[in-house]
Amino acid sequence: MFWKMSSFHGLRASPILTVLAVLALSALLSIPVQAHPPSEVMLSYDQDNQTLNVAVLHKVSSPSGHYVVQVDIFKNGEKILSNEYTSQPSASDPFTYSYAVNATSGDVLKATAFCSIAGSRSGELKIGEEAKLTVKSASSTSSSLPLEDIVLQEGFSIQVFAQNLSYPRSLALGDEGTIFVGTRLPFDLIDSGDTTPVYAIRDLNGDGMAEESEIKVVDMLRNPNGVAFHNGSLYVAEIDRILRYDGIESNLDSPPEAVEVARLPYYILHGWRYIAFGPDEKLYVAVGADCNVCEPVDELNGTILRMNADGSDREVYAKGVRNSVGMDWSPSGELWFTDNGRDMLGNDIPSDELNHAPVAGLDFGFPTCHSGSIPDPELGSDESYSCHEKMPPAWALGPHVAALGMRFYQGEMFPAEFQNQIFIAEHGSWNRDEPIGYRLVAVKVENNTAIGHQIFASGWLQEGEAWGRPVDVEPLADGSLLVSDDLAGVIYRITYSA
């Protein structure tokens, strides 16, 4: 078992259609939130001039720093055009791009606009027919979640451990059993300046579910994604700094003032820091690349850093790491981490990676090489370049699965075959034509070598739509496994009973 949108009428414009178009654009202008993905993509077709007009609303603060970077045009499901941009015409109003497209009645045209930071939005139009397509979003409420849709192996079960949380992400376990939870705003609000909680959760009666009174807020911070616990203190990573809360488990009702440990670069894209302490007592920090694919803007970009617990003696432990949001150490003390592959090379390449870094100083290839064997079309295409010069992944996890949190399982509850294997949360693809991920996988490791993997839990993705997105995993002392879900706003607990 193991191993192995909206759209406009496509005909010539009429006064009525013109009024409708003006009303539609006026409605768009009332949208209050600046979003990373475009808010709307609207299509209209000029049959006289054989021109497709794509109107986009993408409210931003700086149209040269946060903009629609690419628009792809599809005809009857086949991509026919792809255009890249370095800015957008307007920061707050809809703007229109026009493309020469030969289409007749019955043809289906689609445009997908990509944000330079994250996310995309599509619009569709059937020529000769008036149709409005909407993008469905999964429910973010924690009540009545369809847990019966989660597929687990025989003997395993899943339940909600904590609910009604705001975007729960990274997990860390305290010495006294406290579960610390980092959070992060969704893409469309990541640079809004709004704060989200850092949670501390206890299941005091041991019934496998945290009551509302057992969920405490340590602090409200800006995208405090990363959490780690070390020597009685909680460490929390925002985008540009790391904070420490001393004696935290004894003061959950009155948390201490934060102490700043380190400053980090303020990279918005891939800026949701993941942190963890290694067996060497050092603090490890993942610093994602501030781009989809580009040369590093400085020596910290696209790396894993290592430093003392007080922030001193900072060094680059590994480089060529595009976006790691999960790491752990094997029972023998060697670092393993997940890494998300670049976008916009197609549905099936490159693969997300599980990497192994037993020593410092290794280069894992980004931005010139992807998945260990794919030179970047622009940055790695020199004839003298070889991907063999870089560290290949320990295991390829699949294209665009968004592999995030991971842990070696060393508990006693699960069957013996899972001992010392790696559980990985796959957050799920955001721009693949056929979505993939939205599940947990288990990777089999023997003698510090990955030799296979299997799907451990699935079902958050149903008929192409997701109602949940796993982010991180954390084994508890009793051997059960916690799983955070930032879309459903819950933490699950997976148990096993023979």
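Author: A disulfide is a pair of cysteine sulfur atoms within 2.5 Å. The model discussed here is predicted: local features need pLDDT of at least 70, side-chain atom pairs count only at pLDDT 80 or more, and totals for chains, interfaces and linings use all residues. Residues are numbered from 1 along each chain as its sequence is written, and side-chain values use heavy atoms, with hydrogens and water left out.

Reader: How do you know that cysteine 291 and cysteine 294 form a disulfide?

Author: Their sulfur atoms are 2.1 Å apart, which is within the limit of 2.5 Å. This pair is one of two disulfides in the structure.

Reader: Is the disulfide of cysteine 291 and cysteine 294 left-handed or right-handed, and why?

Author: The torsion about its S-S bond is about -85°, so the disulfide is left-handed.

Reader: What makes cysteine 369 and cysteine 387 a disulfide, and what is the handedness of their link?

Author: The sulfur atoms of cysteine 369 and cysteine 387 are 2.2 Å apart, and the pair therefore meets the cut-off. With 125° about the S-S bond, this link is right-handed. Cysteine 369 belongs to strand 26 (residues 369-370), while cysteine 387 sits in the loop between strand 27 (374-375) and strand 28 (395-399), so the disulfide ties together parts that are 18 residues apart in sequence. A strand here is a DSSP run of E with at least two residues, and a helix a run of H or I with at least four, each numbered from the N terminus. When the bonded cysteines are numbered in sequence order, the pairing is 1-2, 3-4.

Reader: Why is cysteine 369 called buried?

Author: Buried means under 20% relative accessible area, exposed means over 50%, and partly exposed lies in between (1.4 Å probe, protein chains only). Cysteine 369 has a value of 4%, so it is buried. Its partner cysteine 387, at 8%, also counts as buried. The label buried applies to cysteine 291 as well, at 11%, and to cysteine 115, at 4%. Across the protein, buried residues make up 54% of the 498 residues.

Reader: What is notable about phi in asparagine 76 and glutamate 463?

Author: Most residues other than glycine have a negative phi, and most peptide bonds are trans. Asparagine 76, which is not a glycine, has a positive phi of about 50°. Asparagine 76 lies in the loop between strand 3 (68-75) and strand 4 (78-84). Phi of glutamate 463 is likewise positive, near 50°, and glutamate 463 lies in the loop between strand 33 (461-462) and strand 34 (465-466).

Reader: Why do asparagine 76 and glutamate 463 receive their accessibility labels?

Author: Asparagine 76 has a relative accessible area of 45% and is therefore partly exposed. Glutamate 463 reaches 82% and is therefore exposed.

Reader: Which peptide bonds that end in proline 350 and proline 367 are cis or trans?

Author: The bond joining isoleucine 349 and proline 350 is cis, with omega about -10°. The bond from phenylalanine 366 to proline 367 is also cis, with omega near 5°. Proline 350 lies in the loop between strand 23 (335-339) and strand 24 (351-357), and proline 367 in the loop between strand 25 (362-363) and strand 26.

Reader: How do you know that strand 30 and strand 31 pair?

Author: Two strands pair if DSSP finds at least two bridges between them. Five bridges join strand 30 (residues 422-426) to strand 31 (residues 439-446), so these antiparallel strands qualify as a pair. Alanine 425 stands opposite leucine 440 in strand 31. Both strands belong to an open sheet of five strands in the order 8-32-31-30-29, with antiparallel pairing.

Reader: What makes strand 8 and strand 29 edge strands?

Author: Strand 8 (151-152) and strand 29 (403-408) each have a single partner strand, so one side of each is left without a neighbour in the sheet. The protein as a whole has one helix and 37 strands.
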